[in-house]
Amino acid sequence: MTDEVVLRRAVAVDAGAAADVYLRSFDAALPTVVRPRTDDDVRDHIRDVVVPSRETWVAEAAGAGIVGLMVLRDDLLSQLYLAPEWRGRGIGDRFVALAKERSPGGLTLWTFQVNRPAHRFYERHGFVAVEYTDGSGNEEREPDVRYVWRP
């Protein structure tokens with residue numbers, strides 16, 4: 001990796017850039033999944049709820065700004081998104097290591113069943129699929145899978 005990337009806690013001013021990463025990443029990784037919220041709703045939610053009330057981390061690259069987002073809530077890793085052009089550079093690995101450090105007793109997360117690259121990524125980091133659903137419990141109504149990591 002030639003560019004320096006720093007992981008740090010998000011602050012209010014990061015919300016717009018973090019939302020943009022989320023939107024671009026979601027659209028690139030999950031083109032068949034229908035988002036139930038508009039882009040503006042996503043931006044508002046990240047600005048008004050996620051950054052101020054959850055443990056929100058960003059990856060900031062020198063010269064490129066915010067290129068990644070990770071959200072923790074207790075032992076739930078609820079969001080991990082990277083700008084598409086920044087995938088494959090070890091940032092996701094660093095985010096997962098940080099999440100494990102922050103929640104040493106274990107982690108849980110949900111991902112969509114269609115997101116096979118995410119399955120491979122999390123399984124490589126020791127997560128195990130423990131539950132598959134029909135999607136009736138998520139906003140997108142998309143079948144998903146719950147993963148758990150235990151030390």
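This short presentation covers the largest pocket, the strand that contributes most to it, and a selection of salt bridges.

Good morning, colleagues. Please keep in mind throughout that the model before us is a predicted one.

I begin with the pocket. The largest pocket holds about 1,400 Å³ of space. Its lining comprises 43 residues, and those closest to the centre are Ser 78, Gln 79, Leu 80, Tyr 81 and Trp 110. Which elements supply at least two residues each to this lining? Among the helices, they are helix 1 (15–29), helix 2 (39–53), helix 3 (91–102) and helix 4 (116–124); among the strands, they are strand 4 (76–82) and strand 5 (107–112). In character, the lining divides into 20 nonpolar, 12 polar and 11 charged residues.

Strand 4 deserves a separate word. With seven residues, strand 4 gives the most to the lining of the largest pocket. Strand 4 is also mostly covered, since five of its seven residues count as buried. Its partner is strand 3, residues 65–73, which runs antiparallel to strand 4 and is joined to it by six bridges. Within this pairing, Leu 69 stands opposite Tyr 81 of strand 4, and Tyr 81 is one of the residues closest to the pocket centre. The hairpin formed by strand 3 and strand 4 has two residues between the strands, and Asp 74 in this hairpin adopts a positive phi near 60°.

I turn now to the salt bridges, of which the structure holds 13. Let me present three of them.

The first I have chosen joins the side chains of Asp 14 and Arg 8, at 2.7 Å from N to O. Is Asp 14 buried or exposed? Asp 14 has a relative accessibility of 6%, and therefore counts as buried. Arg 8, at 23%, counts as partly exposed.

Next, Asp 48 forms a salt bridge with Arg 47, with the closest N and O atoms 2.7 Å apart. Here Asp 48 is partly exposed, at a relative accessible area of 46%, and Arg 47 is likewise partly exposed, at 44%.

The last of my examples is Arg 102 with Glu 55, whose closest N and O atoms are 2.5 Å apart. Because Arg 102 lies in helix 3 and Glu 55 in strand 2 (residues 55–61), this pair ties together parts that are 47 residues apart in sequence. Arg 102 itself is partly exposed, with a relative accessible area of 43%.

Finally, Arg 8, Asp 14 and Glu 60 are joined into one network by salt bridges that share partners. Thank you for your attention.

Key
Residues are numbered from 1 along each chain as its sequence is written. This is a predicted model: local features need pLDDT of at least 70, side-chain atom pairs count only at pLDDT 80 or more; totals for chains, interfaces and linings use all residues. Side-chain values use heavy atoms; hydrogens and water are left out. On a 1 Å grid over the protein atoms alone, a cavity is a set of points where a 1.4 Å probe fits but cannot get out, and a pocket is an open set with protein on both sides within 12 Å along at least five of seven lines; lining residues have an atom within 4 Å of a point. Grid points are joined across faces, edges and corners, and a volume is the space filled by probe spheres set on the points. Helices (H or I, at least four residues) and strands (E, at least two) are DSSP runs, numbered from the N terminus. Ala, Val, Leu, Ile, Met, Phe, Trp, Tyr, Cys and Pro count as nonpolar, Asp, Glu, Lys and Arg as charged, and the others, Gly among them, as polar. Buried means under 20% relative accessible area, exposed over 50%, partly exposed in between (1.4 Å probe, protein chains only). Two strands pair if DSSP finds at least two bridges between them. A salt bridge is a side-chain nitrogen of Lys or Arg within 4 Å of a carboxyl oxygen of Asp or Glu.
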